[in-house]
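Me: I've got a structure open and would like to talk through how it's put together. Can we go piece by piece?

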Amino acid sequence: MTGTTPADGVRYAVGAGIATLTFDRPERHNAMDPAMRTRYGRTLREAEQDPAVRAVVVTGAGRSFCPGADLDALAGIGETGAAGKDVTADDGGYVDVLAAASVAKPVVAAINGGCAGLGFVVACAADVRFAAAGAKFTTAFVRRGLIAEYGIAKLLPELVGRGRALDLLLSGRTFTAEQAFDYGLVQEVRPAGELLDAATAYAAELATYSAPRSMALIKDQVRVETALPLAESARRATGLMLDSFGHPELAEGVTSWTERRPPEFPPYPS
């Protein structure tokens with residue numbers, strides 16, 4: 001496995017087809033400042049373009065996943081009324097926060113501990129969420145005098161339904177990983193000591209058995225087709241299906257199945 005030392009609060013390693021991004025800013029319990037936010041988005045996009053990477057795991061070092069934005073970065077905003085120089089409505093800060101939703105490779109969040117505010121949005125933007133037993137979640141925004149930031153007002157209802165999303169956003173209450181599982185927000189709850197291994201094993205299964213091109217297109221389908229009428233979704237999917245007949249993944253998928261062996265799909269992008 002190859003890796004990097006933490007840069008701007010994000011540690012990055014690649015091995016066996018899996019990229020692992022670890023929030024590692026121990027002096028702030030992994031709270032996200034603008035440099036860390038930018039580094040996170042940039043690193044995910046680098047993983048997307050790396051043919052050696054087939055799946056990504058995002059987690060946190062220590063006892064927190066990401067407890068939100070570094071509140072020191074917000075100091076003084078309340079008095080001045082200024083939005084701050086790091087983010088404007090059009091500068092694309094949200095592009096980094098939501099990077100997991102837009103990259104073409106599957107992203108698994110391994111939520112090892114406190115997950116709040118901005119960190120909660122990062123987790124919701126991932127494709128699949130594993131959480132440590134007892135991990136604490138909160139949207140938090142309303143309790144800081146803020147609004148539902150970075151697109152969470154769209155993401156959260158799609159994950160848990162409108163009523164539950166409003167409950168969690170309006171109350172800002174703390175809830176556990178077990179409750180998050182009941183709400184449909186996380187897909188697996190594991191003991192803390194098993195969490196990263198379980199999430200990595202899931203990512204390894206994707207990296208081994210799922211065609212990278214297929215996963216990229218399916219992510220795009222879910223992003224686009226959920227907003228379409230059923231007939232239009234089916235029509236679009238049929239066009240993609242017919243196109244897939246001309247790509248090598250289909251032949252390899254069928255051959256590997258008949259030969260009872262793991263598939264050898266080409267990387268994506270090639």
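Reply: Sure, here is a run of questions and answers on the strands, the helices and one loop residue.

Me: Before we start, what kind of model is this?
Reply: Keep in mind that the atoms here come from a prediction, and local features are taken only where pLDDT is at least 70. So the model is predicted.

Me: How many of the residues of strand E6 are buried?
Reply: E6 covers residues 107-111, and Val107, Ala109 and Ile111 point one way from the strand. Val108 and Ala110 point the other way, and they are buried just like the others. That leaves E6 largely enclosed by the rest of the structure, because the buried count is five of the five.

Me: Which residue in E6 is the bridge partner of Val57?
Reply: Strand E4 (residues 55-60) runs parallel to E6, and the two pair over four bridges. On the E6 side, the partner of Val57 is Val108.

Me: And which residue in E8 stands opposite Ile111?
Reply: Strand E8 (residues 128-132) is also joined to E6 by four bridges, and the two run parallel. Opposite Ile111 you'll find Ala131.

Me: Is E4 largely enclosed or left open?
Reply: On one side of E4 sit Ala55, Val57 and Thr59, and on the other Val56, Val58 and Gly60, all of them buried. Side chains in a regular strand alternate between the two faces of the sheet. With six of the six residues of E4 buried, the strand is therefore largely enclosed.

Me: Which residue in E4 is the bridge partner of Ile18?
Reply: E3 and E4 pair in the parallel sense over six bridges. In that pairing, Ile18 has as its partner Ala55.

Me: Which helix gives the most to the largest nonpolar core?
Reply: That core has 62 residues, and Phe23, Phe137, Leu156 and Leu185 touch the most other members. The top contributor, with seven residues, is helix H5 (residues 117-125).

Me: There's an open sheet of four strands; which strands stand at its edges?
Reply: The order is E5-E7-E9-E10, with mixed pairing. Two of these strands have a single partner each, so one side of each is left without a neighbour in the sheet. Those edge strands are E5 and E10.

Me: What angle does H5 make with E7?
Reply: E5 and E7 are parallel partners over two bridges, and Cys66 is matched with Cys115 there. H5 packs on this sheet, touching E5, E7, E9 and E10, and its direction makes with that of E7 an angle of about 95°.

Me: How far apart are the end C-alpha atoms of helix H9?
Reply: H9 has 15 residues (195-209), and at 1.5 Å a residue it should span 21 Å. Its buried residues, including Leu195 and Leu206, pack against E3, E4, E6, E8, E11 and helix H10. The end-to-end distance agrees with the expected span, at 21 Å.

Me: Is Thr139 buried or exposed?
Reply: Thr139 lies in the loop between E9 and helix H6. Leaving aside neighbours within four places in sequence, its contacts are Gly117, Phe120, Leu156, Leu168, Leu169 and Gly172. Its relative accessibility is 1%, and the cut-off is under 20%, so Thr139 counts as buried.

Me: Which residue's backbone oxygen does the Thr139 side chain reach?
Reply: Leu168 is among the residues in contact with Thr139. The side chain of Thr139 gets to a backbone oxygen at 2.7 Å, and that oxygen belongs to Leu168.

Definitions and conventions: Residues numbered from 1 in each chain as written. Predicted model: local features only at pLDDT ≥ 70, side-chain atom pairs only at ≥ 80, totals over all residues. Heavy atoms only, no water. Buried < 20%, exposed > 50% of the residue type's maximum accessible area, 1.4 Å probe, protein only. Pairing = 2+ DSSP bridges. Core = buried A, V, L, I, M, F, W, Y, C linked by side-chain atoms within 4.5 Å. Contact = heavy atoms within 4.5 Å. Axes fitted to C-alpha atoms, helices over the stretch in contact; angles between N-to-C directions. Polar contact = N/O pair within 3.5 Å; in protein donor to acceptor, adjacent residues only side chain to side chain. Expected span 1.5 Å × (residues − 1).
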